[in-house]
Amino acid sequence: RYGPVFGYFQQSKVGENHVFSFSYHGARFFMLDSNTDAFNLPSQRGWLKEELQKATEKWKVVVIHHPLYSNKGEHYNPLVKWAFKDLVEEYGVDLVLQAHEHVYARYNVKDANGGAVAPLYLSTYCSPKQYQLHFKVPEDRIGTNDRFYQCISYNADSLNISTYTASNGKQYDGVTITKGADGYAVKDYFKGQPEKVEISEWFRQNKKKHIKEYEKDIELWRMEK
């Protein structure tokens with residue numbers, strides 16, 4: 001349904017892949033289609049590599065449905081990860097916007113000294129459906145049992161991401177990415193702040209056999225925090 005609605009992106013479509021690229025005020029956005037059949041992923045990979053190589057904008061943002069760093073662990077979404085993760089990290093993508101897992105999760109890859117390196121991976125959702133958080137993945141910030149939305153702004157020096165909860169409109173997360181002669185840096189404004197980790201009513205009604213296990217996982221996570 002995406003293509004017919006946004007017909008002006010059709011010029012960048014590749015075969016049966018709904019992939020699109022556009023530039024907007026110093027940022028380039030790359031829209032991928034991870035819901036496609038697996039045999040389409042190699043051609044999408046080739047398209048993304050070519051688009052990243054010729055991009056000249058200061059900021060690069062990839063939008064994809066399936067997370068390249070899954071909250072469920074490193075063995076999830078293997079074909080999508082094979083197709084895109086190394087390109088995203090090699091060609092200087094700054095931000096990867098993801099969905100699918102119905103949790104809020106923010107994660108930066110870390111260097112040998114524990115410092116954040118590009119890109120920043122952000123998974124978010126705005127649905128009453130909620131899946132189970134998996135606490136063995138080292139996200140920088142997580143959240144559940146709400147609807148989360150982002151306001152993203154950028155200029156020549158910085159890219160700012162602010163996340164809010166739809167339940168009360170309060171800011172839940174915030175980071176600023178700077179990139180220049182001094183390299184890449186991330187300012188985390190919510191480091192150490194309480195995280196909303198709760199079991200939603202939807203989960204209690206639809207995942208009853210997992211409730212006790214999930215409650216134990218949450219309690220253990222709280223103790224470790």
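In this predicted model, R45 lies over the face of W82, at 5.5 Å from the ring centre. A second arrangement of this kind involves R141, whose charged end sits over the ring of Y172, 4.2 Å from the centre of that ring.

**Aromatic rings**

Y172 also takes part in contacts between rings: ring pairs link Y104, Y125, F148 and Y172 into a cluster. The count of aromatic pairs comes to 10. One of them is formed by Y104 and F148, which are stacked, with 5.2 Å from centre to centre and 25° between the planes. This pair links distant parts of the chain, as Y104 belongs to strand β5 (residues 104-110) and F148 to strand β8 (residues 148-154), 44 residues apart. Y104 is buried, since its relative accessible area is 1%, and F148 counts as buried as well, at 2% relative accessibility.

**The chain as a whole**

The chain has five helices and 11 strands. Its radius of gyration is 18 Å, close to the 17 Å that the globule rule gives for 225 residues, so the chain is as compact as a globular protein of that length. Along the principal axes, the C-alpha trace spans about 50 × 40 × 35 Å. Of the 225 residues, 44% count as buried. The accessible surface comes to about 12,300 Å², and 51% of this area belongs to carbon and sulfur atoms. Among contacts between residues at least 6 apart in sequence, 57% join residues at least 24 apart.

**Strand β9 and the cysteines**

S162 lies in strand β9 (residues 158-165). With a relative accessible area of 18%, S162 is buried, because the cut-off for this class is under 20%. Leaving aside neighbours within four places in sequence, S162 is in contact with Y149, Q150, C151, Q171, D173 and G174.

C151, one of these contacts of S162, counts as partly exposed, at 41% relative accessibility. The structure holds zero disulfides. C126 is in no disulfide, and the nearest cysteine sulfur to that of C126 belongs to C151, 12 Å away. Seen from C151, the closest cysteine sulfur is that of C126, and the 12 Å between them is too far for a bond, because a disulfide requires sulfur atoms within 2.5 Å.

**Backbone features**

Most residues other than glycine have a negative phi, and most peptide bonds are trans. A cis peptide bond joins A118 and P119, with omega about 0°. P119 is found in strand β6 (residues 116-123).

N77 has a positive phi although it is not a glycine, and the same description applies to N145. N77 has its place in the loop between β3 (59-63) and α3 (78-90), whereas N145 is in the loop between β7 (141-143) and β8. N77 counts as buried, while N145 counts as partly exposed. The values for these two residues are set out below.

| Residue | Phi | Relative accessibility |
|---|---|---|
| N77 | about 55° | 16% (buried) |
| N145 | about 55° | 28% (partly exposed) |

The classes in the table follow from the cut-offs, because buried means under 20% relative accessible area and partly exposed lies between that value and 50%.

Definitions and conventions: Residues are numbered from 1 along each chain as its sequence is written. This is a predicted model: local features need pLDDT of at least 70, side-chain atom pairs count only at pLDDT 80 or more; totals for chains, interfaces and linings use all residues. Side-chain values use heavy atoms; hydrogens and water are left out. Rings of Phe, Tyr and Trp (its six-membered ring) pair if their centres lie within 6.5 Å; planes under 30 degrees apart count as stacked, over 60 as edge-to-face and the rest as tilted. Helices (H or I, at least four residues) and strands (E, at least two) are DSSP runs, numbered from the N terminus. Buried means under 20% relative accessible area, exposed over 50%, partly exposed in between (1.4 Å probe, protein chains only). A charge sits over a ring if NZ of Lys or CZ of Arg is within 6 Å of the ring centre and within 35 degrees of the ring normal. The radius of gyration is taken over C-alpha atoms; the globule rule is 2.2 Å times the number of residues to the power 0.38. Contact means heavy atoms within 4.5 Å. Accessible areas come from the Shrake-Rupley method with a 1.4 Å probe; for residues, only the protein chains shown count as cover.
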